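Me: I would like to go through this structure and ask, label by label, what justifies each one. Please set the value against the cut-off wherever there is one.

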Amino acid sequence: MHKEHIHHEHDHCEHEHEHSHDHNHGHSHDHCEHEHSHEDGCGCGHDHADECAHGHSHDHDFDCISAAQQETYIIEGLDCANCAAKMERRIQAMPEVTAASITFATKQLRVAAEDPASLLPKLEEACRAIDDVHLVKKSTAADVQKTPKKSLFREHLADFISLIAGAVLFAAGVIFHHAGIFEPAVFPIFVAAYLALGWEVLLTAGRNITKGQVFDENFLMSIATIAAFCIGEFTEGAGVMLFYKVGELFEHIAVDKSRSQIMDAVDMRPETVSLVDGDDVRTIPAGEAVTGDILLVRPGDRIPLDAVVTEGESRIDTSPITGEPVPVRATVGTEVISGCVNQQGLIRIKVTRPLEESMVTKILNSVENAAAGKPKMDRFITRFAKIYTPIVVALALLTAVVPSLITGQWSQWITTAITFLVISCPCALVISVPLAFFSGIGSASKLGVLFKGGLAIEALKGIKAVIMDKTGTITEGSFTVQRILPANGMSERELLAVAAACERRSTHPIAVSIVEKAGAEGIDIESPASLDEISGRGIRARLACGEVLCGNRTLMAENSVSVNDADKSEGTEVLIAINGIYAGLLSIADTLKADAPTAIAQLKSYGLVPVMLTGDNAESAAAIASKTGIDDVRAQLLPEDKLSALQEIREQIGPAMFVGDGINDAPVLAGADVGAAMGSGADAAIEAADVVFMNSSVESIPQSISIARNTNRIAVQNIVIALFVKLVVLCLGFFGFANIWAAVFADTGVAMICILNSLRILWKKYEK
């Protein structure tokens with residue numbers, strides 16, 4: 001996912017505002033001094049060697065290739081995970097193709113080449129050599145028109161008709177056979193039932209054989225059931241095909257359901273918008289709305305496009321985008337994000353980004369791109385499935401021949417071999433991992449956590465330490481006046497008025513916080529008769545009350561102002577002296593995020609070690625750490641120091657996740673095992689990260705780890721279930737305790753179990 005996937009474009013300089021009071025007027029914030037230092041190379045912003053070592057999730061086969069050399073297609077008719085893997089291998093082997101990836105969960109083919117558009121006929125030919133599919137160029141956001149959903153019966157009408165016809169004929173054959181009536185008709189009835197159920201399987205198997213595709217599930221089922229007929233097991237041959245077709249139908253329905261559930265959760269793109277045209281309101285396709293258009297949003301409607309409120313007032317539910325449950329107030333001038341829900345009032349908004357650039361489209365793209373980033377577990381299973389089928393088919397052949405030659409019981413061992421053939425289909429294995437990770441990505445996106453790929457989810461399960469930047473990550477990144485401590489007869493209001501008068505011309509964050517505090521208190525701010533900035537110390541100003549010094553303790557000492565009785569305070573201190581006499585101090589500090597203490601406690605409960613790295617002074621860092629429960633604090637660090645500290649922590653504790661939000665955090669984000677960025681942070685940090693927390697809350701950190709652990713656990717469960725059931729049925733079949741019915745369950749039945757198990761990730765309620 002690229003930086004434009006997150007729309008927050010804050011103009012603030014890097015958040016790490018180091019607070020030790022030696023700026024050009026006494027506030028020492030090195031906040032504009034750090035430069036982002038991406039590595040030279042492909043321009044993706046990562047140290048590739050380090051990334052390969054630490055498991056970052058960016059797919060650099062594509063990230064290092066220009067968008068003009070990439071194309072994405074929808075593979076219509078793709079309903080077999082194993083076929084998808086075969087198509088991917090075939091396309092990757094094409095000499096014209098630089099990189100290719102097929103995501104079964106989204107039916108998308110992503111291909112990179114010098115001229116990808118010209119390759120469409122060859123790509124389709126390669127895919128159709130595996131299965132009867134059709135490639136369609138993925139629609140742009142501007143052309144989005146969601147296809148009306150068909151009912152379950154209409155969607156699979158042909159399958160239901162053949163299934164019902166075959167089931168009726170099969171039932172008639174079984175009744176006639178067991179009742180001993182119409183004996184001459186029993187065999188033709190079973191053959192008719194078999195053809196009604198299996199004609200498509202037989203046709204596909206024959207077509208694939210002519211293309212050189214032998215070991216696919218259609219061929220294996222055809223051989224198994226025809227062999228059953230050949231040895232006189234008519235009931236079993238037709239019955240197994242019936243069971244297989246029922247299993248296949250429910251597997252396809254389950255896959256479609258899982259796809260739609262996940263995509264419905266993340267695809268919030270509107271089909272139409274209500275355009276205000278003078279005194280009229282007319283409905284137009286969302287893709288036709290342009291920047292500057294005025295749209296009407298009624299209570300209960302989603303904000304269709306990124307925009308700013310021009311009329312009306314309401315409360316906006318941002319949870320679909322950020323996962324934040326508390327609605328926010330929106331008035332004229334408030335920026336609103338597409339996908340959020342207008343809860344109360346009728347509002348008019350002015351479009352600031354068209355559909356293809358709005359948040360709803362960027363989230364959808366990021367989820368789809370993340371699904372294409374395949375974890376190591378998925379790649380291993382795909383490679384394993386490639387050799388698994390030929391091995392089991394060879395075992396089936398040996399089982400049919402060798403024991404039969406020894407015992408002479410050809411019928412028994414051929415039946416066992418048929419069982420082996422059915423079990424050899426690897427679909428349940430191949431589907432077990434990608435759907436689990438896709439469900440994890442979809443579940444996280446609903447909470448405002450965007451994973452950039454399966455590798456990030458996979459890497460999160462093994463982390464031992466969570467390293468966090470302070471400003472903007474654990475704290476809000478916005479300064480406020482925390483305490484006002486007057487002295488020598490001054491009141492709090494008088495001291496604040498003097499400080500605000502000195503700071504009114506400054507745009508420095510600390511100065512702004514003082515002026516804002518005075519404004520909130522209703523204080524009229526005096527304009528100084530004269531004002532001089534003293535570099536690294538503070539300000540000398542002439543006010544109605546006399547000569548005022550406003551700055552740090554060094555400024556006071558240099559002007560012989562006694563501050564020995566001044567209270568020491570956390571955060572940045574702004575001291576005031578009037579006519580050489582100490583008048584008090586203001587304590588300015590960043591605000592701790594409300595959810596930080598509970599989130600840190602949650603991380604500790606997971607057995608993780610929280611660590612804070614910051615460029616701030618030791619006192620401020622220690623104060624924040626004590627409030628949140630972080631024991632390991634490292635302060636006053638430059639960007640290169642943070643990288644060194646990261647390496648040291650990894651050596652001492654183990655794999656580490658780093659969470660930051662500033663430009664100077666980008667090198668550390670790229671160097672961590674998993675890098676996470678706050679969505680409100682700098683674009684460079686978001687670009688370098690593997691995970692983005694769109695609501696910028698600290699609680700998103702344990703949420704992401706919980707989702708990652710659950711996803712990995714369920715993916716492993718799926719693999720174990722698929723392999724265990726297949727192995728058990730193989731063993732039982734060899735000893736004569738399992739028939740073809742059990743083998744079909746080990747194929748389609750296990751696939752359904754894996755699909756439903758994967759959907760548990762999407763259904764699970766994570767703490768918010």
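Me: Which residues gather in the patch of positive charge on the surface, and what makes the charge positive?

Reply: In this predicted model, the patch is formed by Lys376, Arg379, Arg383 and Lys461. Lys and Arg count as positive, so a group made of these residues is a patch of positive charge.

Me: How do you know whether Arg379 is buried, partly exposed or exposed?

Reply: Arg379, which lies in helix α12, has a relative accessibility of 39%. Buried would require under 20% and exposed over 50%, so Arg379 counts as partly exposed. Patch residues need over 30% relative accessible area, and the 39% of Arg379 therefore meets that requirement.

Me: Which residues make the nonpolar surface patch, and which element gives the largest share?

Reply: The patch, of about 990 Å², is made by Ile387, Ile391, Leu395, Leu397, Leu398, Val401, Val402, Leu405, Ile406 and Trp410. Helix α12 contributes the largest share, nine residues, and Leu398 is found in that helix.

Me: Why is Thr389 called buried?

Reply: Thr389 also lies in helix α12, which spans residues 376–407, but its relative accessible area is 4%. Since buried means under 20%, the label follows. Thr389 and Cys425 are 36 residues apart in sequence, while their C-alpha atoms are 6.3 Å apart in space.

Me: What makes the pair of Glu71 and Lys137 a salt bridge?

Reply: The closest N and O atoms of Glu71 and Lys137 are 3.9 Å apart, and the cut-off for a side-chain nitrogen of Lys and a carboxyl oxygen of Glu is 4 Å, so the pair qualifies. Glu71 lies in strand β1 and Lys137 in strand β4 (residues 134–137), so the salt bridge ties together parts that are 66 residues apart in sequence. The structure holds 15 salt bridges.

Me: Why do Glu71 and Lys137 carry opposite labels for burial?

Reply: Glu71 has 16% relative accessibility, which is under 20%, and so counts as buried. Lys137 has a relative accessible area of 52%, which is over 50%, and is therefore exposed.

Me: What can be said of Gln70, and how do you know that its contact with Arg110 is a polar one?

Reply: Gln70 lies in strand β1, residues 70–76, and counts as buried because its relative accessibility of 16% is under 20%. Its side chain reaches the side chain of Arg110 at 3.2 Å, which is within the 3.5 Å allowed for a polar contact, so the name applies.

Me: Why is the pair of Lys517 and Glu521 called a salt bridge, and how accessible are the two residues?

Reply: Their closest N and O atoms are 3.5 Å apart, and because that is within 4 Å the pair is a salt bridge. Lys517, at 28%, and Glu521, at 39%, both fall between the limits of 20% and 50%, and so count as partly exposed.

Me: What makes Arg634 and Glu648 a salt bridge, and which network do they belong to?

Reply: A separation of 3.3 Å between the closest N and O atoms is within the 4 Å cut-off, so Arg634 and Glu648 form a salt bridge. Arg634 is buried, because its relative accessible area of 16% is under 20%, whereas Glu648, at 37%, is partly exposed. Salt bridges that share partners join Asp632, Arg634 and Glu648 into one network.

Technical notes. Residues are numbered from 1 along each chain as its sequence is written. This is a predicted model: local features need pLDDT of at least 70, side-chain atom pairs count only at pLDDT 80 or more; totals for chains, interfaces and linings use all residues. Side-chain values use heavy atoms; hydrogens and water are left out. Helices (H or I, at least four residues) and strands (E, at least two) are DSSP runs, numbered from the N terminus. Buried means under 20% relative accessible area, exposed over 50%, partly exposed in between (1.4 Å probe, protein chains only). A polar contact is a pair of N or O atoms within 3.5 Å; within protein, one must be able to donate a hydrogen and the other to accept it, and residues adjacent in sequence count only if both atoms are side-chain atoms. Patches are made of residues with over 30% relative accessible area and no salt bridge: like charges are joined within 9 Å, nonpolar side chains (Val, Leu, Ile, Met, Phe, Trp, Tyr) within 5 Å. Accessible areas come from the Shrake-Rupley method with a 1.4 Å probe; for residues, only the protein chains shown count as cover. The place of a charge is taken as NZ of Lys, CZ of Arg, CG of Asp or CD of Glu.
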